[in-house]
Amino acid sequence: MRAPKPLLLLDVDGVLNPCEALPHRRPPGYQTHRLKPDCWIAQHDGLPEHLVKPLRVWLNPAHGPALMRLPYELVWATTWEHDANEWIGWRIGLPRTEDLPVIEFGDQDVIRPDGTYVKTWRIVEYAAGRPFAWVDDQIGDADRAYVARHHTGPALLHYVDPRKGLTDDDFTVLADWAAQISTDTTKGADA
Ligand SMILES: [Mg+2]
């Protein structure tokens, strides 16, 4: 039986949206969007929606097709949560008709007492031993240690520079890693 594809867990800000790039230098290939998703409005302490300034988001419409060419199953792992399907996916060229699964993180502190990022334990729980690559701009040593301790399958925690967002090099790393674990799985089955 063919092993299921690994999961590719996608962050938005810092990965698809190079939010730390110089403010007046939109990176090549990106388009500017001014968006007011619920997750942004909720950060404004009850300010009426019409008074909330839209969030500027840079997105690259080539990213969706490039992500779909990778041998992964795509999943949102972003604090945009379900808003990512409504506001982000189709703007990067993912099909409008098909929502990606969403890992929910809820309204929690960003860093947990053990120093891990709020997403990490939920990601491990969601993956439930299945191989995953996680692309995020907030991955640190505590997260790597947590995953090594608690996740039984292969995992790639791949840091993306929020000044650049996903680059060709990142896509190469993701493709190579998927090929590597596929080879390892086949070898394991032959052994
Ligand atoms: Mg981020």
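# A tour from helix α4 to the magnesium site

Start by selecting helix α4 and whatever surrounds its buried residues: the cover includes β1 (7-10), β5 (132-136) and α5 (141-150). Helices (H or I, at least four residues) and strands (E, at least two) are DSSP runs, numbered from the N terminus. Contact, here and below, means heavy atoms within 4.5 Å. A residue is called buried under 20% relative accessible area, exposed over 50% and partly exposed in between, using a 1.4 Å probe and protein chains only.

What you have open is a predicted model, in which local features need pLDDT of at least 70 and side-chain atom pairs count only at pLDDT 80 or more, while totals for chains, interfaces and linings use all residues. Residues are numbered from 1 along each chain as its sequence is written, and side-chain values use heavy atoms, with hydrogens and water left out.

**Stop 1: helix α4 and its end**

Stay with α4, residues 118-127, for a moment. Seven of its 10 residues are buried, so the helix is largely enclosed by the rest of the structure. To see them, pick V118, K119, T120, R122, I123, V124 and A127.

Now step just past the helix, to A128, in the loop between α4 and β5. This residue has a positive phi of about 50° although it is not a glycine. For context, most residues other than glycine have a negative phi. A128 is exposed, with a relative accessible area of 64%.

Keep that backbone feature in mind and jump to E81, in the loop between β4 and α3. E81 is also a non-glycine residue with a positive phi, of about 45°. E81 counts as buried, because its relative accessibility is 19%.

**Stop 2: the nonpolar cores**

Next, colour the nonpolar side chains. A nonpolar core is a set of buried Ala, Val, Leu, Ile, Met, Phe, Trp, Tyr and Cys residues joined through side-chain atoms within 4.5 Å. The largest one has 37 residues, and L8, L16, L67, W76, W80 and I88 have the most contacts inside it. Elements giving two or more residues to this core are β1, α1 (38-41), β3, α2, β4 (73-76), α3 (83-88), β5 and α6 (168-190). The biggest contribution comes from α6, with five residues.

Centre the view on L67. Beyond its neighbours within four places in sequence, L67 is in contact with L8, L10, L16, L74, I92, L166 and F171. Apart from the largest core lies another, of 17 residues, among them I123, A127, I139 and Y146.

**Stop 3: V135 on strand β5**

Select V135, which lies in β5. V135 counts as buried because its relative accessibility is 0%. Leaving aside neighbours within four places in sequence, V135 is in contact with L8, L9, L10, D11, V15, H158, V160 and L174. C-alpha to C-alpha, V135 is 11 Å from D13, although 122 residues separate the two in sequence.

**Stop 4: the magnesium ion**

D11 and D13 lead us to the metal. Which residues coordinate the magnesium ion? They are D11 (OD), D13 (O) and D137 (OD), at 2.1 to 2.2 Å. Donors are N, O and S atoms within 2.8 Å of the metal (3.2 Å for Na, K and Ca), and water is not among the atoms, so sites may look incomplete. Along the sequence, the donor residues follow the spacing D-x1-D-x123-D. Compare their surroundings: D11 counts as buried at 4% relative accessibility, whereas D13, at 25%, counts as partly exposed.

**Stop 5: N60 and H33**

Move to N60, in the loop between β3 (55-59) and α2 (63-69). With 12% relative accessibility, N60 counts as buried. Its side chain reaches the backbone nitrogen of A62 at 2.9 Å. This is a polar contact: a pair of N or O atoms within 3.5 Å where, within protein, one must be able to donate a hydrogen and the other to accept it, and residues adjacent in sequence count only if both atoms are side-chain atoms. Outside its neighbours within four places in sequence, N60 is in contact with P28, G29, Y30 and I92.

H33 lies in β2 (residues 31-35) and counts as buried at 14% relative accessibility. Its contacts, again leaving aside neighbours within four places in sequence, are L55, R56, V57, L59 and R91.

**Last stop: charges over rings**

Finish with two arginine–tryptophan pairs. The charged end of R56 sits over the ring of W58, 3.7 Å from its centre. Likewise, the charged end of R96 sits over the ring of W90, at 3.8 Å from the centre. A charge sits over a ring if NZ of Lys or CZ of Arg is within 6 Å of the ring centre and within 35 degrees of the ring normal.
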